[in-house]
Amino acid sequence: MARSRKKPGWRKILGLTLFFTVIGYQAVYNWFPNFFPMEAFMGRAKAVDGDSIKLNGQSIRLFGIDAPEYNQACAHPDDKKWPCGRLSQKALSELLTNQSTTCHPIKKDVYRRVLASCFTEQGNLAELMVHNGWAFAYSRYS
């Protein structure tokens, strides 16, 4: 005598649908991180290094520039080293002092960091860092 197969119940179908919906959402979010728009946010920021800040617990990379890492040393033509990374961080820190910062996220980079254009009352932080000689215009993420 042949056994009849049981049809899947509605709970099983609902569970599988929910499972694949969540998996699909995660896949789209991970594969296309710029698919979901990000809202602007503001607050008091702290400089991490010359091109990165921390704002409301979020790590943000300033869009369009590159600056020395915090512990990086640079050399003069006579090979005398100087702490360019710390000085670059200090310069950005001074731009942030006693001001509110507003960041407009643009996208996430390959390391899933938020790339944003950030502003204080003085203007665009990335432009100010380049203008003051503490960072370079950087188009890799542009």
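A contact here means that heavy atoms of two residues lie within 4.5 Å. With that in hand, let's work through this predicted model.

**Exercise 1. Take stock of the whole chain.**
Find how many helices and strands there are, in what order they run, and what share of the residues is buried.

*Solution.*
- Step 1: Count the elements. The chain holds three helices and eleven strands.
- Step 2: Walk from the N terminus. The order reads α-β-β-β-β-β-β-β-α-β-β-β-α-β.
- Step 3: Check burial. Of the 142 residues in the chain, 31% are buried.
- Step 4: Look at the surface. About 10,200 Å² is exposed, and carbon and sulfur atoms supply 57% of it.
- Step 5: Turn to the contacts. Taking those between residues at least 6 apart in sequence, 55% join residues at least 24 apart.

**Exercise 2. Describe how β2 and β3 are joined.**
Work out the direction of the pairing, the number of bridges and the link between the two strands.

*Solution.*
- Step 1: Locate the strands. β2 covers residues 45-49 and β3 covers residues 52-55.
- Step 2: Read the pairing. The two run antiparallel, with four bridges between them.
- Step 3: Pick out a pair of residues. D49 faces S52 of β3.
- Step 4: Inspect the link. Two residues separate β2 from β3, and the strands form a hairpin.

**Exercise 3. Explain why β9 counts as largely enclosed, then list its partners.**
Use the burial of residues 114-120 for the explanation, and then take β4, β8 and β10 in turn.

*Solution.*
- Step 1: Apply the cut-off. A residue is buried if its relative accessible area is under 20%.
- Step 2: Count along the strand. Six of the seven residues of β9 are buried, so the rest of the structure largely encloses this strand.
- Step 3: Start with β4 (residues 58-62). β4 runs parallel to β9, and three bridges connect them. Here R61 sits opposite L115.
- Step 4: Go on to β8 (residues 101-108). Six bridges tie β8 to β9 in an antiparallel arrangement, and one of the bridge pairs is C103 with C118.
- Step 5: Examine the turn between β8 and β9. This hairpin has five residues between its strands, and R112 in the turn shows a positive phi of about 65°.
- Step 6: Finish with β10 (residues 123-124). β9 and β10 pair in the antiparallel sense through two bridges, with T120 opposite G123. They too form a hairpin, with two residues in between.

How values were computed. Residues numbered from 1 in each chain as written. Predicted model: local features only at pLDDT ≥ 70, side-chain atom pairs only at ≥ 80, totals over all residues. Heavy atoms only, no water. Pairing = 2+ DSSP bridges. Buried < 20%, exposed > 50% of the residue type's maximum accessible area, 1.4 Å probe, protein only. Areas by Shrake-Rupley, 256 points an atom, 1.4 Å probe, with all protein chains shown as cover.
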